[in-house]
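Work through the exercises below with the sequence and the model open. Try each task before you read its solution.

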Amino acid sequence: MTQAILREIIDYSNRADPYPLYEELRKTPVSHDGDGPYVVSTYYEIQSLLHDPRISSDARNLKSTADDPLGQGEEEQTTLPPSFLKLDPPDHDRLRRMTNRPFGPPDSPRRVHDMRGELSGIVSGLVDGIVADGSLDRIDLVDQFAYPFPVTVICRLLGVPPQDEPRFHVWAETLAAGLDPDPDADPARRHQGTTDARMELGMYLAGLIEERRKDPRDDMLSQLATADGPDGAMTTMEVLSTAALLLIAGHETTVNLITNGMLTLLRNPDVLRRLREDPELSVPVVEELLRFEPPVQLLPQRSTLTDIEVDGVTIPKGASLWLILASGNRDPRRFQDPDRFDPDRRDIQHLGLGSGIHSCFGAPLARQEAQLALSELARRLENPRLLEDPPPYRQNAVLRGPRHLPIACDGILA
Ligand code: HEM
C-alpha cells in the first residue's frame, strides 16, 4: 500500500495536478502498510509533527534502509557533513544562529530589505532581456526569467561568481533530483550521482572559501568563513555544507514559486489585472501561492525518535515520515474552499515554508523575490497568455514546478 501511495505521488502523470490524489490521501491522515514511510497528509497532523521534538530531521536516525528509500543517511556520511536542514538541536540551532548572523536579525536586520533595489534592477534587466532575445510569440518564462533571477540573487548574496553558474547548475539539479523518491531508480547509481555532485560542489566551494579567508569581501561566504561570534567559528566543513545548502535552496525553490505564480495568475486573469493595477497585492498573492501551489510539495526526510501516536496510528521509533505539505495546504478542515486561489483570504497560515525550528531560513528573501518578480511581470507584459496548459513539468515530485512555461504577449512596457 505505501509503495502504491509512493508510486502515485511520484507518478509523472499526477505532476500537473496532484491535488485529487492528495484529497484521496487525506481520507486516511496517516497512511502506511507496514513497509516504508508513514505518509501524513492532513494540516493539523503535519503542523503538530513539525513542532514535535520527538521528530528528527537527521537521516542517521532512520531504523533501516527500507525506511530510507532516498539513501539519505548513507549519503551524508560519505561526503559533506549534514547541513543544518538535516540536523537536530543543539547542532541545528547553533548552525542556524551562526548562519543568520550575516543574514537577519539581530545582527543584520536590514540585509534582505537593503537588497530590494538590487533585486528590482535584476528583475528589470531580465524583462528587458526578453525583448532583446527576440520573439514575443514564444517566451519561456522559466529559462528567460524565473530561473536566472533567484540564481543571480543567491550568487551575489553568497559571493559566488555568476560565470561559474553553469557548473553548479548541474550539481544543484542532481542534488535536487536526489530528493525525489523514485522506487524504480537504481539506488547504487542514484547514490553515486548525488555523492559525486556533493563532492564536486564541496571542492568548488572549498576553493572559494579559502580565497575569501585570505581576502574577505562583503558577501555571506566571507562572513561565514571568518566570523567568530558568541557561538565560536564554523569549521571549514560546516561552512561548506551551509554554503551548499544555501546555494541549492536558492536555486531550486524560488524558480518554482515564480513559475507556479505566473501560471496561476494567467489562469486567474482577474487577479492578474488587479496585480497590474496594485503592486502591493503581490504580498497576499505570494502568500496564497505558497498555500495553493507550494514549490516544496512534501518533506520526505523526517524520522521518529520514539514511538508516537498520530490520529490513532502508532508510528514506531526509527520510522520514516513523509509530510505532504501541499496536501495539508488544501485540507478543508483548515481552509475554506481550499481549491480556490483567493488572495483575499483573511487567514493564510500555510505550510509552504514549513513550520517549527526548520521553517524556511530564506523566507524573507524568497517572499521579496517573488513579490518583485510577479508585480513586474504583471505590470510590463502586455496581454500575456499561456501557450500550453498544463505546461511540461519537471520530473521532481518534491520540488514541483513547470520545466518550461511557454507564453506569448503583445509587447513589453518600459
Ligand atoms: C519560494 C522559495 C522557497 C520555498 C518554498 C522554501 C521552502 C522551505 C521549506 C518548506 C523548508 C522546511 C524544510 C524542513 O522542514 O525540512 C525550508 C527550509 C530551508 N530553506 Fe527554504 N524555501 C525557499 C527559498 C529559500 C531560499 C531563497 C533560501 C536561501 C536563502 C532558503 C533556505 C532554506 C534553509 C537554509 C532551510 C533549512 C532551515 C532549517 O533547517 O532550519 N530557502 N525552505
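**Exercise 1: Cis peptide bonds**

Pro106 lies in the loop between helix H5 (91-100) and helix H6 (111-114). Helices (H or I, at least four residues) and strands (E, at least two) are DSSP runs, numbered from the N terminus. The model is predicted: local features need pLDDT of at least 70, side-chain atom pairs count only at pLDDT 80 or more, and totals for chains, interfaces and linings use all residues. Residues are numbered from 1 along each chain as its sequence is written, and side-chain values use heavy atoms, with hydrogens and water left out.

Task: State what omega is at the peptide bond from Pro105 to Pro106, and at the one that joins Asp389 and Pro390.

Solution:
- Step 1. From Pro105 to Pro106, omega is near 10°, and the bond is cis.
- Step 2. Between Asp389 and Pro390, omega is about 5°, again a cis bond.
- Step 3. Place Pro390: it sits in the loop between E10 and E11.
- Step 4. For background, most peptide bonds are trans.

**Exercise 2: The iron and the cysteines**

Task: Find which protein atom is the donor to the iron atom of the ligand, then explain why Cys155 and Cys360 form no disulfide.

Solution:
- Step 1. Apply the donor rule: N, O and S atoms within 2.8 Å of the metal (3.2 Å for Na, K and Ca). Water is not among the atoms, so sites may look incomplete.
- Step 2. The iron has a single protein donor, SG of Cys360, at 2.3 Å.
- Step 3. Locate Cys360: it falls in the loop between helix H17 (325-328) and helix H18 (363-380).
- Step 4. Check for disulfides, meaning a pair of cysteine sulfur atoms within 2.5 Å. The count is zero.
- Step 5. The closest cysteine sulfur to that of Cys155 is in Cys360, 17 Å away, so the two are too far apart for a bond.
- Step 6. Now the accessibility: buried means under 20% relative accessible area, exposed over 50%, partly exposed in between (1.4 Å probe, protein chains only). Cys155 is buried at 2%. Cys360 is partly exposed at 30%.

**Exercise 3: A three-strand sheet**

Task: Give the strand order of the open sheet of three strands and name its edge strands.

Solution:
- Step 1. Use the pairing rule: two strands pair if DSSP finds at least two bridges between them.
- Step 2. The order is E4-E11-E10, with antiparallel pairing.
- Step 3. Strand E4 (139-140) and strand E10 (385-386) are the edges, each pairing on one side only.
- Step 4. E4 pairs with strand E11 (residues 406-408) over two bridges. Asp140 stands opposite Pro406 in E11.

**Exercise 4: Positive phi**

Task: State where Asp337 and Asn383 are found, and what phi is at Asp337 and at Asn383.

Solution:
- Step 1. Asp337 is in the loop between H17 and H18. Its phi is near 50°.
- Step 2. Asn383 is in the loop between strand E9 (381-382) and E10. Its phi is near 50°.
- Step 3. Asp337 is partly exposed, at 46% relative accessible area. Asn383 is partly exposed at 46%.

**Exercise 5: The whole chain**

Task: State how many helices and strands the chain has, and what share of its residues is buried.

Solution:
- Step 1. The chain has 18 helices and 12 strands.
- Step 2. Of its 414 residues, 57% are buried.
- Step 3. The C-alpha atoms fill a box of roughly 60 × 55 × 40 Å along the principal axes.
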